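Here are my notes on the model, set out point by point. Please read them with the structure open beside you.

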Amino acid sequence: MSSRLILASSLLATLALAEKPTISYKAPPSGDDDRPVMTSIVVSAQGTDYAFKLEFNKPPWGEDCKTRCANATLFLDTDNNKTTGLKLADPKAAETGTDIAVTIQGAKALKEGVSTSVLRVKVMQYSEDATSVEEGRTLIELDPINDSERVLASDTSVYLLIDANMGDQPAGKQLRIVYHPPESKPLVGTAKGLASPSSSRVELFKDGKLTNPPPKKKKSDYEKL
């Protein structure tokens, strides 16, 4: 792993480790035919972005997982309000109220006739009339190559910055996150939302690194004249 990636991972981990996992999952023993699953999920509102640190029980993409790579979805109720967003038939279902879904998928793609491992991140939004998880509208698709300022993958970890300005989803002081592991009940956690005062602290990616923008200097009384 390059020194740049090590440094970027360290800076990103500083953000993620500052908070306890929003959701933790103890995955059962994994076989070769089992897809990677998320074991730790940290979500935090950062300025106008949602920041994620996702930890898998094994590498979610690449040669190690072959054709059984990650295909995992996180459901975000961005205002922690089940009356907005996705309207499932069961109003008590954990995913009811979802405004955004983020899917992390490891796959194979042909490039110049050669099979290459790729990691894709798909962001979908649910309108007020959506009644199934298939009815979301795709906002964007990201990958670590073309979107290095927003997607970083290292070993079993995936870091994401999702721009909340895409679409027109609501924002609240608290957001709710749902992860449904295979053959398990859905797991639910909450985190500070974009409307929380603490979310005004902004983190920026620069050349693959997560940094804080420098504070604005106050003008002196002389400069104001």
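**Notes on the predicted model**

1. Gly106 has Leu119 of strand E6 standing opposite. The two strands concerned, E5 and E6 (residues 114-125), run antiparallel and are joined by twelve bridges. Please keep in mind throughout that this is a predicted model.

2. The E5 and E6 pair belongs to an open sheet of six strands, ordered E7-E6-E5-E4-E10-E11, and the pairing in this sheet is antiparallel. Its edge strands are E7 (137-142) and E11, each of which pairs on one side only. From one strand to the next, the twist averages 25 degrees.

3. A five-stranded open sheet is also present, with antiparallel pairing and the order E1-E2-E3-E9-E8. Strands E1 (23-24) and E8 (151-154) are at its edges; each has a single partner strand, so one side of each has no neighbour in the sheet.

4. Within the five-stranded sheet, E2 (residues 38-46) pairs with E3 (residues 49-56) over eight bridges, in the antiparallel sense. One residue pair can be named here: Val42 has Lys53 in E3 as its bridge partner.

5. Which residues touch the most other members of the largest nonpolar core? They are Tyr50, Phe52, Leu54, Leu74, Leu160 and Tyr179, in a core of 35 residues. Leu74 is worth displaying with its surroundings. Neighbours within four places in sequence aside, Leu74 contacts Met38, Ile41, Phe52, Leu54, Ile100, Ala101, Val102, Ile177, Val178 and Tyr179. Another core, of seven residues, lies apart from the largest one; Phe75, Leu86, Ala94 and Val178 are among its members.

6. Is Thr78 buried or exposed? Thr78 has a relative accessible area of 0% and is therefore buried, the cut-off being under 20%. Thr78 is placed in the loop between E4 (71-77) and E5 (100-111). Beyond its neighbours within four places in sequence, Thr78 is in contact with Tyr50, Asp99, Ile100, Gln169, Pro170, Ala171, Gly172, Gln174 and Leu175.

7. Ala195 sits in the loop between E11 (187-192) and E12 (204-206). With a relative accessible area of 38%, Ala195 counts as partly exposed, because this value falls between the limits of 20% and 50%. Its contacts, again without neighbours within four places in sequence, are Ala171, Gly172 and Lys173. Ala171 and Gly172 also appear in the contact list of Thr78. The C-alpha atoms of Ala195 and Leu175 are 9.5 Å apart, while the two residues are 20 apart in sequence.

8. Two backbone angles should be checked by eye. Most residues other than glycine have a negative phi. Lys66, which is not a glycine, has a positive phi of about 55 degrees. This residue, Lys66, is in the loop between E3 and E4. Lys66 has 59% relative accessibility and so counts as exposed, the limit being over 50%.

9. The other angle belongs to Asp155, also a residue other than glycine, whose phi is positive and near 55 degrees. Asp155 is found in the loop between E8 and E9 (157-163). Its relative accessible area is 61%, so Asp155 is exposed.

Key:
Residues are numbered from 1 along each chain as its sequence is written. This is a predicted model: local features need pLDDT of at least 70, side-chain atom pairs count only at pLDDT 80 or more; totals for chains, interfaces and linings use all residues. Side-chain values use heavy atoms; hydrogens and water are left out. A nonpolar core is a set of buried Ala, Val, Leu, Ile, Met, Phe, Trp, Tyr and Cys residues joined through side-chain atoms within 4.5 Å. Buried means under 20% relative accessible area, exposed over 50%, partly exposed in between (1.4 Å probe, protein chains only). Contact means heavy atoms within 4.5 Å. Two strands pair if DSSP finds at least two bridges between them. Helices (H or I, at least four residues) and strands (E, at least two) are DSSP runs, numbered from the N terminus. Axes are lines fitted to C-alpha atoms, for helices over the stretch in contact, and angles run from 0 to 180 degrees between N-to-C directions.
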